[in-house]
Amino acid sequence: QVQLVESGGGLVQAGGSLRLSCAVSGRTFTIYTMGWFRQSPGKEREFVGAIRWSGGSTWYADSVKGRFTISKDNAKSTVSLQMNSLKPEDTAVYYCGVHLFGGAEYDYPGQGTQVTVSS
């Protein structure tokens with residue numbers, strides 16, 4: 001199994017920045033992709049972006065492209081989400097997700113971290 005712990009959320013004004021971290025532990029050799037997702041009240045969980053665990057290629061939702069950047073630190077086993085030029089519509093609980101080799105979809109074993117962007 002892989003364990004994930006998200007951190008770094010908070011309250012920020014529109015136009016500001018936040019950096020979220022996802023600490024990864026457990027059977028990391030089974031990880032294919034790590035992703036960031038978000039969910040606002042009354043809405044379904046939404047894909048934000050992802051990174052290949054091996055190789056580091058990234059891709060993003062159109063809504064965050066150019067503003068958000070995903071990176072990973074292999075030595076610390078963390079995946080980060082740098083969020084710049086934040087907008088009120090970015091307000092959500094952010095989760096990191098793990099897609100394992102052979103898995104059909106992402107799992108979200110962490111508790112998430114709240115990001116609130118005030119206008």
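# Ten strands, asked and answered

The secondary structure of this protein comes to zero helices and ten strands, where helices (H or I, at least four residues) and strands (E, at least two) are DSSP runs numbered from the N terminus. This is a predicted model, in which local features need pLDDT of at least 70 and side-chain atom pairs count only at pLDDT 80 or more, while totals for chains, interfaces and linings use all residues. Residues are numbered from 1 along each chain as its sequence is written, and side-chain values use heavy atoms, with hydrogens and water left out.

Colleague: What is the radius of gyration of the protein?

Modeller: Taken over C-alpha atoms, this radius is set against the globule rule, which is 2.2 Å times the number of residues to the power 0.38. For 119 residues the rule gives 14 Å, and the protein comes close to that, so it is as compact as a globular protein of that length. The radius of gyration is 13 Å.

Colleague: Which share of the residues in the protein is buried?

Modeller: A residue is called buried under 20% relative accessible area, exposed over 50%, and partly exposed in between, with a 1.4 Å probe and protein chains only. Among the 119 residues of the protein, the buried share is 43%.

Colleague: Along strand β1, which side chains point to the face where they are buried?

Modeller: The side chains of β1, residues 2-7, alternate between two faces. Gln-3, Val-5 and Ser-7 point to one face and are not buried. On the other face, the buried side chains are those of Val-2, Leu-4 and Glu-6.

Colleague: Which residue in β3 is the bridge partner of Gln-3?

Modeller: Two strands pair if DSSP finds at least two bridges between them, and β1 and β3 pair in the antiparallel sense over six bridges. Within that pairing, the partner of Gln-3 is Ser-25.

Colleague: How many of the nine residues of β4 are buried?

Modeller: Strand β4, residues 31-39, runs antiparallel to β5, residues 46-52, and is joined to it by six bridges. It also pairs with β9 in the antiparallel sense, over eight bridges. The strand is mostly covered, and the number of its residues that are buried is seven.

Colleague: Which residue of β5 is the bridge partner of Met-34?

Modeller: Within β4, Gln-39 has Val-93 of β9 as its bridge partner, whereas Arg-38 stands opposite Glu-46 in β5. For Met-34, the bridge partner in β5 is Ile-51.

Colleague: Which residue in the turn between β4 and β5 has a positive phi?

Modeller: The strands β4 and β5 form a hairpin with six residues between them. In that turn a phi of about 80° is found, and the residue that has it is Gly-42.

Colleague: In the hairpin of β5 and β6, which residue takes a positive phi?

Modeller: Strand β6, residues 58-60, pairs with β5 in the antiparallel sense over three bridges, and in this pairing Ala-50 stands opposite Trp-59. The hairpin has five residues between its strands, and the phi near 110° belongs to Gly-55.

Colleague: Is Ser-77 buried or exposed?

Modeller: Most residues other than glycine have a negative phi. Ser-77, in the loop between β7 (68-73) and β8 (78-83), has a positive phi of about 50° although it is not a glycine. Because its relative accessibility is 19%, Ser-77 counts as buried.

Colleague: What is the relative accessibility of Ser-85?

Modeller: Ser-85 lies in the loop between β8 and β9 (92-100), and has a positive phi of about 50° although it is not a glycine. Ser-85 counts as partly exposed, and its relative accessibility is 41%.

Colleague: Which residues is Lys-87 in contact with, leaving aside its neighbours within four places in sequence?

Modeller: Lys-87 is found in the loop between β8 and β9, and is partly exposed with a relative accessible area of 34%. Its C-alpha atom is separated by 8.3 Å from that of Gly-16, 71 residues apart along the chain. Contact means heavy atoms within 4.5 Å, and the residues in contact with Lys-87 are Arg-67 and Val-117.

Colleague: How far apart in space are Thr-28 and Gly-15?

Modeller: Thr-28 lies in the loop between β3 (18-26) and β4, and is partly exposed, with a relative accessible area of 21%. Thr-28 and Gly-15 are 13 residues apart in sequence, and from C-alpha to C-alpha the distance is 35 Å.
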